[in-house]
Amino acid sequence: MTERHSIRQITCNMKAHKRTDWHNHAVGKIRVQDSFLLLLSVLLLVDEEQMFLLLLAAAAWHELAHYCALRLCGGTLMRMHITAVGAVMQYRMQDGKWKRCAVAAAGPLASLLGGILAAKLQFFVFAGANVALGVFNMLPILPLDGGMVLFWAMGTRFDALVRGISCFFALLLLPMGLWLYWTNAGAWLFFIGIVLIVQQKACIMRKSRI
């Protein structure tokens, strides 16, 4: 979750993404990157239990919470980019770092709440999808929600520290992903880690040009 200004200075607007050959497919305000389409194709091939549909429903609930928080805080949605690691919103909002923190935090909080409600209704698989999505997005990695909350809370003076934390946790996903693969839990986390690391590199390259 981020606004137009921060896409350029923090999460490397979509021009930086295009330089990593992630092209866009546009439908109205929605831009779908090739990385998402590739991930979608892979999941549809290997998802024998149709878990992906539940994950999509959980993701839709997550993004709806972001949008509702954005509107409540007086912001206006300009564009949404759908990537392999989630959606990134470009929006306009009056200055106020805590409003931006609230918009970023709304998604993970809604996911955790959705997981609790689904568990009480005994929809345990859907509950797990919501909780997993919420916990993953709370990681302090740009441009995930946790990374954006950390950035807005600490301010631009600590930009280098936030980027360092983001890169560290992005790199940490690789050994974790390999361990999951070794335990026959799939290589999904490893590949997501690679995507996030590429985004960190694009951010650094973009920062050097500003």
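Which residues in helix 5 are buried? In this predicted model, the buried residues of helix 5 are R100, C101, V103, A104, A106, G107, P108, A110, S111, G114, G115 and A118.

## The chain as a whole

The secondary structure of the chain comprises nine helices and four strands, and from the N terminus on the elements are arranged as α-α-β-β-α-α-β-β-α-α-α-α-α. Of the 210 residues, 43% count as buried, while the accessible surface comes to about 11,600 Å², of which carbon and sulfur atoms contribute 70%. Among contacts between residues at least 6 apart in sequence, 60% join residues that are at least 24 apart.

## Helix 5 and its kink

Helix 5 covers residues 97-120. With 24 residues, helix 5 reaches 35 Å from its first C-alpha to its last, which is close to the 34 Å expected at 1.5 Å a residue. A kink of about 35° is nevertheless found at A106, shortly before the proline P108, and both A106 and P108 belong to the buried residues of the helix.

The list of buried positions can be read against the geometry of a helix. An α-helix has 3.6 residues a turn, so residues three or four places apart point the same way. Within helix 5, the buried set includes A104, G107, S111, G114 and A118. A104 counts as buried because its relative accessible area is 1%, under the cut-off of 20%.

## Contacts between helices 4, 5 and 6

H62 has its place in helix 4, which spans residues 51-72. H62 is buried, because its relative accessible area of 1% falls under 20%. Apart from neighbours within four places in sequence, H62 is in contact with G107, P108, S111, L133, N137 and D145, and of these partners G107, P108 and S111 are among the buried residues of helix 5.

N130 lies in helix 6, residues 124-137, and is likewise buried, at a relative accessibility of 0%. When neighbours within four places in sequence are left aside, the residues in contact with N130 are A58, W61, S111, G114 and G115. S111 thus appears among the contacts of H62 and also among those of N130.

## A surface patch and Y67

W61, one of the contacts of N130, also takes part in a nonpolar patch on the surface, formed with L64 and Y67 and having about 280 Å² of accessible area together. Y67 is in helix 4 and is classed as partly exposed, because its relative accessible area of 35% lies between the cut-offs of 20% and 50%. Y67 and the buried A104 are 37 residues apart in sequence, and their C-alpha atoms are 9.8 Å apart in space.

## Backbone exceptions in the loops

Most residues other than glycine have a negative phi, and most peptide bonds are trans. Q122, which follows helix 5 and is found in the loop between helix 5 and helix 6, has a positive phi of about 65° although it is not a glycine. Q122 is exposed, because its relative accessible area of 60% is over the cut-off of 50%.

The other exception concerns a peptide bond: L142 and P143 are joined by a cis peptide bond, with omega about 5°. P143 lies in the loop between helix 6 and helix 7, the latter covering residues 145-154.

Key
Residues are numbered from 1 along each chain as its sequence is written. This is a predicted model: local features need pLDDT of at least 70, side-chain atom pairs count only at pLDDT 80 or more; totals for chains, interfaces and linings use all residues. Side-chain values use heavy atoms; hydrogens and water are left out. Helices (H or I, at least four residues) and strands (E, at least two) are DSSP runs, numbered from the N terminus. Buried means under 20% relative accessible area, exposed over 50%, partly exposed in between (1.4 Å probe, protein chains only). Patches are made of residues with over 30% relative accessible area and no salt bridge: like charges are joined within 9 Å, nonpolar side chains (Val, Leu, Ile, Met, Phe, Trp, Tyr) within 5 Å. Accessible areas come from the Shrake-Rupley method with a 1.4 Å probe; for residues, only the protein chains shown count as cover. A salt bridge is a side-chain nitrogen of Lys or Arg within 4 Å of a carboxyl oxygen of Asp or Glu. Contact means heavy atoms within 4.5 Å. The expected span of a helix is 1.5 Å times one less than its number of residues. The bend at a residue is the angle between axes fitted to the seven residues ending there and the seven starting there.
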